[in-house]
Number of protein chains: 2
Amino acid sequence: MTDVLDVAAPATIDAEAWFQAFEQALTSGDIAAAADMFVEDCYWRDLVAFTWNITTVEGRAGVTDLLQNTLANTKPSNFALSEPATEADGVVDAWFTFETAVGRGSGLARLKEGGAWTFLTTLDELKGFEEGKGPDRPHGVHHGAERNRLSWKERRELENAEMGVSTQPYVLVIGGGQGGIALGARLKQLNIPHVVVDKHPRPGDQWRNRYKSLCLHDPVWYDHLPYIKFPDNWPIFTPKDKLGDWLEMYTRVMEINYWGSTECTSAKYDDATGTWTVEIVRDGEPMTLHPTQVVFATGMSGKANVPTFPGQDIFQGEQHHSSQHPGPDSYVGKKVVVIGSNNSAHDICAALWEAGVDVTMVQRSSTHIVRSETLMDIGLGDLYSERAVESGVTTEKADTIFASIPYRILHEFQIPLYDQMREVDADYYAALEKAGFDLDWGADGSGLFMKYLRRGSGYYIDVGASELIASGDIKLVNGQVKELTENAVVLDDGTEIPADVVVYATGYGSMNGWVADLVDQETADKVGKCWGLGSDTPKDPGPWEGEQRNMWKPTQQDNLWFHGGNLHQSRYYSLYLALQLKARYEGLDTPVYNKAPVHHLG
Amino acid sequence: MTDVLDVAAPATIDAEAWFQAFEQALTSGDIAAAADMFVEDCYWRDLVAFTWNITTVEGRAGVTDLLQNTLANTKPSNFALSEPATEADGVVDAWFTFETAVGRGSGLARLKEGGAWTFLTTLDELKGFEEGKGPDRPHGVHHGAERNRLSWKERRELENAEMGVSTQPYVLVIGGGQGGIALGARLKQLNIPHVVVDKHPRPGDQWRNRYKSLCLHDPVWYDHLPYIKFPDNWPIFTPKDKLGDWLEMYTRVMEINYWGSTECTSAKYDDATGTWTVEIVRDGEPMTLHPTQVVFATGMSGKANVPTFPGQDIFQGEQHHSSQHPGPDSYVGKKVVVIGSNNSAHDICAALWEAGVDVTMVQRSSTHIVRSETLMDIGLGDLYSERAVESGVTTEKADTIFASIPYRILHEFQIPLYDQMREVDADYYAALEKAGFDLDWGADGSGLFMKYLRRGSGYYIDVGASELIASGDIKLVNGQVKELTENAVVLDDGTEIPADVVVYATGYGSMNGWVADLVDQETADKVGKCWGLGSDTPKDPGPWEGEQRNMWKPTQQDNLWFHGGNLHQSRYYSLYLALQLKARYEGLDTPVYNKAPVHHLG
């Protein structure tokens, strides 16, 4: 029961003054003045708006360099707050919008001591190529009379019949999981001729084919796809087959050109024409495509890492990677040894135990464990939860807040949360350690998200397996695998674990491994390792990169891109990748600032 | 850039005082005092909250009667404004919430001269049987370890295997168009064992099988289904096949128990057991179901009305009802005569002309025509449009506003809109009349929505055909059909129209015709005519009913219900029908107030 009175708060007045002065400095080309408006330890993260790249610069020198290289082209203008600024602990949060020469953008700045501390700028749309949505949505039917018009269905059928035959996709997306699908939706919305190919028959099969107990470990608020949110009745943790159905539905109603049962066999780039020649097999028939851009959306956890051990050739039982694990049903009465102690290993062990199977987990290195409930509450609750939604933090706002914290300092925000979790669940962790489980909290105690961003592995979100480890129901053995015998797994210390089945829950390799398979090793080496921040922590060697390697941004190979990650990243970064592709499709000038050099091969 | 100051507006203070006094009168059982708080010419429309019915009472005497019959059971309490009240032209709009003994409700009141003029109360949920959504959404997976648990997929498969075999649906919904699907979604959400059956193989086929040029005539904001809205990129006027895909995917992701390729052959009610015996043929196999409740969702425009003319047996060409019309492709080079001048007749004629077919429309009675753009702007714009959404009128709010205007006075709100349309499009109407088209604006000039509510026919929303009528490209003939000859349609005045094909765009019969087919004529007569308000205008005979006959509310046949209408009605009324069914499923007391008597057989 309130009325509204038009009074600006001090934080808003401060922020408006800051942006006014900042814009004036930029408009007058006074880069030194603009850089001086940042505090000493500042970070400017840009998603495509200024840099045609995904990049973060640090300090005033970084800001200066960014502006020296991008200001003339970008021509930023019309900075304005998009809502009242707020202040807490001496930091003013300012949500803003702006324009560039070719697009409209938005961002979130944190101001302290009168200067910008963190500064996020994102490109939201290209002028003249706005998406047809909301007030600009399509009409659906042309009203009036028109001889021999095609119906919607006839137009879709014609597009499908011509694509790859008389017309070519501008973008070929290899891989049709949530990454390829989210990107496909963006490409469709931006009217970019595209095809998303996947070897599975139906969208969602990537999930359906996994072990039967699998549910998403991230909660629903974190998992929305672009354009169509999961409805209010959607479960917090989506069962894999239900997610499969959603992805299939989404692909159809978003009218993505999705080719199932299609495998890529090779891809070759022609520098002269700037296009690819990609050989595919579609429904058993060979076909050649000539896309300009190729996106690998093959899964940042897609290329199975199968370790080599002596004796694998003489082992008489069944061996498979966790990605091939069918679930427990056919293993009742057998002895199963699972090598590994991350998410998949835990899920698989728990499902085997639930089915009454004798199961042993081999832990080879320390693992970070967080209880799902605790992670939801302390780790995600402020951004992705019912509580967040109710307090106005929509998924879109949460994404921006998350993106606005520079990777360089993200661990500082994370460490206190994990300290809190450790305290809340102290008894739980004590029980696990007592059972011999080797725990860690990340190299610097920054926990799960940092591990995910740095190496994409090394943790388990506990949804039930840990109590089985603590109770000894899932047998736990620590050590390195020395070899397999005909009927056992043998560790370095001589421990022999009888086995009818060995599951390698040993993770995944870098996505550029797919490039080696489809293009050649030379190109794979040219683009180098994917994922990770260069944090100089285990499995994420330095030097510092500032952003995730090769993801969603230009690589060292022209017209080759990587897309992927969890549902959150597939949703969020698909927009920025799609806008980069759209700009090239429309022939806009896209000078890339700060393209990352390659430090590691894979 | 505004801050909020806590000051209540006078309208809010007035409305709060009104509700406080109203609640006090109700709580103390002072029905006379409560009735006195309404103005003389008042209307109270209740959707299930007080009356376990959909009913409107008029005047203080009506309010008194309603309260005398329902107050003791309903025990209303906790009336509160849900947002600040607003005032315009001496009328205060007050949105409110309240509780009853068994549920929670909401409503919209219009107060004038200190009393309630229109008063809408709706039941939103039953206490103890709230839907699992938002904060109460399902968890998706039980965290923890549990021997031999079933996965989501296994549980769905088990439910499907058992339904109709070892378990029975409590509700059988006959007909799986948008009505059956929307209701199915509600039943699923309320955990009511149900089956929706349809003779077509796939959800959406009801639309796919219609003439190929068909698009929805209502715009997207009016068409959302419950729980999952069409996304922002959805076209304004959905093409039929695209709608078919949406319905199919909706049915899947909402986990509705939908049996395609299933035809009901008979249904019989057993008074002693209070259950039905329904014979069906599912995928060619006969099967008997024993539901407690049967809902006819067979389409308020579902039972084709094929007229009888002398000579139909000797006509040498093709004859079919518009619902069977395949589109123009096979009629090129032929002469087609379309009998009728409503929506389908116009759409079919226009598509035939677009394909180059010689086509004649036979107009037998006057028709109401509105240009789609004008209808969208003037007729719907305030409630269902991008503009409405932007000004805070969500589809949910629009539904409530629309429901809050009593049918008795709805035409008074509509007439000025249609006067405006007639003026704006004066030249357009003059051209149509010049071409000989017989126009009307409804019996009282109240236009399209009233025609829809009263008779469900008698109009065309112009999306292009009218200019072809005006130009003579679609040939227009006025008159009554006398007979068919071997190769022509002959009118009363002797006009002979050569014809290779005759399309009967002659509308649909009352839904209780389906009851005659499946149950028996006696039961069909017992429930009587469906649809219409008793407005004593053409095809809607009096006496005044106050609500649409038999729709979404108890009928004279126990455990037999009708559901349907356009997407708006399927969305909105499915909730109130589902809550009535849920209450009965859970064994709550549901005394029906004011059950409508039957005045017409069909």
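**Aromatic pairs**

I searched the whole predicted model for aromatic pairs and got 76 over all chains. I then picked one pair in chain A, Tyr452(A) with Trp531(A). Their ring centres are 5.3 Å apart and the planes stand at 75°. The cut-off for edge-to-face is over 60 degrees, so I logged this pair as edge-to-face.

Next I looked up where the two rings sit. Tyr452(A) is in helix 14, residues 447–454 of chain A. Trp531(A) is in the loop between helix 17 (521–527) and strand 26 (560–562) of chain A. The two residues are 79 apart in sequence, so the pair ties together separate parts of the chain.

**The same loop, a cis bond**

I stayed with the loop between helix 17 and strand 26 of chain A, where Pro543(A) also lies. The peptide bond from Gly542(A) to Pro543(A) is cis. Its omega is near 5°.

I checked chain B as well. Gly542(B) and Pro543(B) are joined by a cis peptide bond, with omega about 5°. Pro543(B) is placed in the loop between helix 17 (521–527) and strand 26 (560–562) of chain B.

**A positive phi**

I noted Ser261(A), which is not a glycine but has a positive phi of about 50°. Ser261(A) falls in the loop between strand 11 (258–259) and strand 12 (262–270) of chain A.

**Salt bridges**

Over all chains I found 81 salt bridges. Lys303(A) with Asp517(A) is one I looked at within chain A, the closest N and O atoms being 2.6 Å apart. Lys303(A) lies in the loop between strand 15 (293–296) and strand 16 (318–321) of chain A. Asp517(A) belongs to helix 16, residues 512–518 of chain A. The pair ties together parts that are 214 residues apart in sequence.

**How the copies are related**

I superposed chain A on chain B. The rotation is 180°, the shift along the axis is 0.0 Å, and the RMSD is 0.1 Å. The two copies are thus related as by a two-fold rotation axis.

I then compared the surfaces. Of the interface residues of chain A, 100% are also interface residues in chain B, so the copies meet through the same surface.

**The interface**

I counted 75 residues from chain A and 75 residues from chain B in the contact. About 6600 Å² is buried between the two chains. Carbon and sulfur atoms give 57% of that area.

The rule finds 12 salt bridges across the interface of chain A and chain B. I opened Lys242(A) with Glu255(B), a salt bridge whose closest N and O atoms are 2.5 Å apart. I also counted 36 residue pairs in polar contact between the chains, both residues at pLDDT 80 or more.

Which elements of chain A supply at least two residues each to the side that touches chain B? Among them I listed strand 1 (3–5), helix 1 (10–27), helix 4 (152–162), helix 7 (240–253) and helix 8 (343–354). Helix 7 of chain A gives the largest share, 8 residues.

Last, I split that side of chain A by class. I got 32 nonpolar, 16 polar and 27 charged residues.

Methods. Residues numbered from 1 in each chain as written. Chains lettered and ligands numbered in written order. Predicted model: local features only at pLDDT ≥ 70, side-chain atom pairs only at ≥ 80, totals over all residues. Heavy atoms only, no water. Least-squares fit on C-alpha atoms with pLDDT ≥ 70 in both. Contact = heavy atoms within 4.5 Å. Buried area = accessible area lost by both parts, 1.4 Å probe. Salt bridge = Lys/Arg side-chain N within 4 Å of Asp/Glu carboxyl O. Polar contact = N/O pair within 3.5 Å; in protein donor to acceptor, adjacent residues only side chain to side chain. Helix = DSSP H or I, 4+ residues; strand = E, 2+ residues; numbered from the N terminus. Nonpolar A, V, L, I, M, F, W, Y, C, P; charged D, E, K, R; others polar. Phe/Tyr/Trp six-rings, centres within 6.5 Å; stacked < 30°, edge-to-face > 60°.
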